[in-house]
Amino acid sequence: TTRVTELNLPPPTLLSTRHRKKQADHDSQLLANRIALLKKEEMRAVKKIEKTKARAHEIINMRKENDRKHQERVLNSEKAAKAQKKAQKEHLEHEALAQKNRQSRVEKDMQKKIESVQKVRQEKQSLRKDLVKQRQIEIESNRKKNADIKQQQLLLRQKREKASRRRALQNKKAYDRRVKEEEDAIAQREEEVARMEKEELKLIHQLKEAQKLQKEAFGVLEGALNNT
């Protein structure tokens with residue numbers, strides 16, 4: 001009242017008071033909405049900062065791990081180089097010893113061959129005499145063997161022909177059995193394929209229905225968001 005008097009304004013009426021109260025409520029609601037929006041944006045910013053910190057920590061750990069692996073590879077490479085150098089040295093020493101042993105064996109083998117040649121020459125002379133006698137015995141034995149072989153071949157051929165006819169009959173029975181088994185398997189597979197095709201059509205229909213319901217749900221959600 002004092003301020004109104006000082007400003008030479010007329011005293012407030014009930015209508016003006018209600019208007020001012022309504023304006024104050026409106027301003028209060030706008031401020032509340034802006035404050036809520038600012039708090040929401042602040043929460044988003046805090047989450048982004050936390051996520052960025054976590055990513056930075058992850059990158060630092062990754063770099064540390066990469067450095068550790070690099071140092072490990074360097075150490076392994078040095079160890080491998082030392083091991084290779086040691087292996088090469090041992091290989092050269094082994095080759096030198098092996099060369100020496102081979103030379104010694106060659107010399108021993110040469111002496112043995114000389115002695116063996118002399119012995120073989122003596123044995124050949126003895127063998128020639130034995131071969132002449134043995135050939136005569138073999139000629140007579142071969143005559144008898146040839147006659148026996150011809151008789152055995154005839155019997156064997158007859159036996160083989162009989163066995164061949166028997167195998168042919170068995171093979172035909174086995175072939176017919178396999179053909180029937182294959183036909184049964186094909187029929188079973190065709191039934192399975194038909195069943196799977198029906199199941200596929202059913203699943204496609206169910207998927208379409210689910211997609212339709214999902215689209216409707218998204219439409220409802222989008223409408224609710226637009227109306228907010």
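## Helix α2 and Leu225

Let's start with Leu225, which sits in helix α2, a stretch covering residues 14-227. Keep in mind that this is a predicted model. Leu225 has a relative accessible area of 57%, and since anything over 50% counts as exposed, this residue is exposed.

Leu225 also has company at the surface: together with Phe218 and Leu221, Leu225 makes a nonpolar patch of about 330 Å².

## A patch of positive charge

Helix α2 is also where you'll find Lys162. Its relative accessibility is 53%, so Lys162 counts as exposed too, given the cut-off of over 50%.

Lys162 is part of a positively charged surface patch, where Lys159, Arg165, Arg166 and Arg167 gather with Lys162. As for the protein overall, there are 60 positive side chains and 37 negative ones. The centres of these two sets are 6 Å apart.

## The overall shape

Now step back and look at the whole thing. The protein has 2 helices and 0 strands. Along the principal axes, its C-alpha atoms fill a box of roughly 165 × 70 × 10 Å.

The radius of gyration is 53 Å, whereas a compact globule of 228 residues would come in near 17 Å.

## Surface and burial

How much of the protein counts as buried? Just 1% of the 228 residues. The accessible surface adds up to about 22,700 Å², and carbon and sulfur atoms account for 56% of that surface.

Terms used
Residues numbered from 1 in each chain as written. Predicted model: local features only at pLDDT ≥ 70, side-chain atom pairs only at ≥ 80, totals over all residues. Heavy atoms only, no water. Helix = DSSP H or I, 4+ residues; strand = E, 2+ residues; numbered from the N terminus. Rg over C-alpha atoms; globule rule 2.2 N^0.38 Å. Buried < 20%, exposed > 50% of the residue type's maximum accessible area, 1.4 Å probe, protein only. Areas by Shrake-Rupley, 256 points an atom, 1.4 Å probe, with all protein chains shown as cover. Lys, Arg positive; Asp, Glu negative; His and termini not counted. Charge placed at Lys NZ, Arg CZ, Asp CG, Glu CD. Patch = residues over 30% accessible without salt bridge, like charges linked within 9 Å, V, L, I, M, F, W, Y side chains within 5 Å. Salt bridge = Lys/Arg side-chain N within 4 Å of Asp/Glu carboxyl O.
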